[in-house]
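Good morning, everyone, and thank you for making time for this short talk. Please keep the sequence and the picture in view while I speak, and stop me if a term is unclear.

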Amino acid sequence: MLKGANPADVTRARYVSPLVESETNHDFEAAPRFMDAMDFAIGGLEAEFGTHPSWNFHVLLWVASQAMRLPGDIVQCGVLGGTDAAAIVRYTNFAARTDKTFYLLDTFTGVPEELWTPHEIAIGAASAQWLYKQLGDLYASVVERFRSYPNVRVIQGKVPDTLAQVDAAQISVLFLDMNCAAPEAAACEYFWDKLVPGGIIFSDDYGHSRGGGYFYKSKVAFDNFAAKVGLEVLSLPTGQALLVKV
Ligand SMILES: C[S@@+](CC[C@H](N)C(=O)[O-])C[C@H]1O[C@@H](n2cnc3c(N)ncnc32)[C@H](O)[C@@H]1O
């Protein structure tokens, strides 16, 4: 810690976002519950790479809060070490929500490369694959991380092959973060009929990285899916996007 620095400011500096420096109000950072969830989520693995902008967590946790008010289970496709999921279970006190299950789907060994098109690879969608390979198989560590949450189910394998293992009758939110368009589109198709009215599909990759360049195909797939179901995507300056079922 910097000598003489306010501990709260030091914590906040870890989560700096370009938007924080803008004129946009970010009072949500002052909420102890919010910072607690971020601190809980960002542990050893996460501290070693990447940034974890508070604005992205603000959106993520708002979506999770909406899910808690709706009937149905929640699903995340693209879990990695469980950073987002850890923030969500902490923020929502998910262990107490015995009426809900949180399904976490990932290969836990990186993106199945045959699911990328050559064009996706050419525009940068594989930019983080080196990291996933370097981290090795994260399945056991994610199971361990959520051991005290009996209502969290960790499913290892390739989306879309594993989607049928989600035995939810209905879901309130589908979190997508796979850096790959085809399985994200397949998950949208698979879960749409199970998504309750007011339910949300959250895309982490929609406009993310290099002005959205890396994951442009994910954006196009999400837009096409939205058009097919007669709705519009809300694109956010964080790079995330939401599709709300009405
Ligand atoms: C950007 S990371 C997810 C980050 C995560 N949301 C977090 O909280 O840190 C992308 C993840 O998607 C997974 N993934 C990509 N394509 C997949 C697929 N078709 N099936 C299962 N997992 C996949 C990768 O293994 C990787 O862990």
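Let me begin with Asp205, which counts as buried because its relative accessibility is 0%, where buried means under 20% relative accessible area, exposed means over 50%, and partly exposed is in between, with a 1.4 Å probe and protein chains only. Before going further, I should say that this is a predicted model, in which local features need pLDDT of at least 70 and side-chain atom pairs count only at pLDDT 80 or more, while totals for chains, interfaces and linings use all residues. Residues are numbered from 1 along each chain as its sequence is written, and side-chain values use heavy atoms, with hydrogens and water left out.

Where does Asp205 sit? Asp205 is found in the loop between strand S5 (195–203) and helix H10 (216–228), and by helices and strands I mean DSSP runs (H or I of at least four residues for helices, E of at least two for strands), numbered from the N terminus. If we set aside residues up to four places away in sequence, Asp205 touches Asp177, Met178, Asn179, Cys180, Glu184, Phe215, Ser218 and Gly239, a contact being heavy atoms within 4.5 Å. The C-alpha atoms of Asp205 and Ala125 are separated by 9.8 Å, although these residues are 80 residues apart along the chain.

One of the residues that Asp205 touches is Asn179, which has its place in the loop between strand S4 (171–176) and helix H9 (181–191). Asn179 is buried too, because its relative accessible area is 6%. Apart from its neighbours within four places in sequence, Asn179 is in contact with Trp116, Ala125, Ala128, Tyr132, Glu184, Asp205, Phe215 and Ser218. Asn179 also has a positive phi of about 60°, although it is not a glycine.

Let us now follow the chain from Asn179 into helix H9, and ask which residues of H9 are buried. They are Ala181, Pro183, Glu184, Ala187, Cys188 and Phe191, and these buried residues pack against strand S1 (73–77), helix H6 (118–123), S4, S5 and H10.

The packing of H9 with H10 can be described more fully, since their axes come within 8 Å and cross at roughly 20°; here axes are lines fitted to C-alpha atoms, for helices over the stretch in contact, and angles run from 0 to 180 degrees between N-to-C directions. H9 and H10 are therefore roughly parallel to each other, given that angles under 35 degrees count as roughly parallel, over 145 as roughly antiparallel, 65 to 115 as roughly perpendicular and the rest as oblique. On the H9 side the residues are Ala181, Glu184, Ala185, Cys188 and Glu189, and they meet Lys217, Ser218, Ala221, Phe222, Phe225 and Lys228 in H10. By class, this contact of H9 with H10 has 6 nonpolar, 1 polar and 4 charged residues, where Ala, Val, Leu, Ile, Met, Phe, Trp, Tyr, Cys and Pro count as nonpolar, Asp, Glu, Lys and Arg as charged, and the others, Gly among them, as polar.

Next, two helix pairs that share H4. Helix H4 (residues 54–69) packs with helix H5 (residues 83–91) at an angle of about 55°, their axes being 10 Å apart, and that makes H4 oblique to H5. In this pair, Phe57, Leu60, Leu61, Ala64 and Ser65 of H4 meet Thr83, Asp84, Ala87, Ile88 and Tyr91 of H5, a contact with 7 nonpolar, 2 polar and 1 charged residues.

With helix H2 (residues 32–41), H4 has a crossing of roughly 105°, and the two axes come within 11 Å, so that H2 and H4 are roughly perpendicular to each other. Arg33, Phe34, Ala37 and Met38 of H2 make this contact with Ser54, Phe57, His58, Leu61 and Ser65 of H4.

Two loop details deserve a look. The peptide bond from Val159 to Pro160 is cis, with omega near 20°, and Pro160 is found in the loop between strand S3 (152–156) and S4. Asn93, in the loop between H5 and strand S2 (102–106), has a positive phi of about 50° although it is not a glycine.

Finally, the whole chain: there are 10 helices and 7 strands, and of its 246 residues, 51% count as buried. Among contacts with a separation of 6 or more, 76% come from residues 24 or more positions apart.
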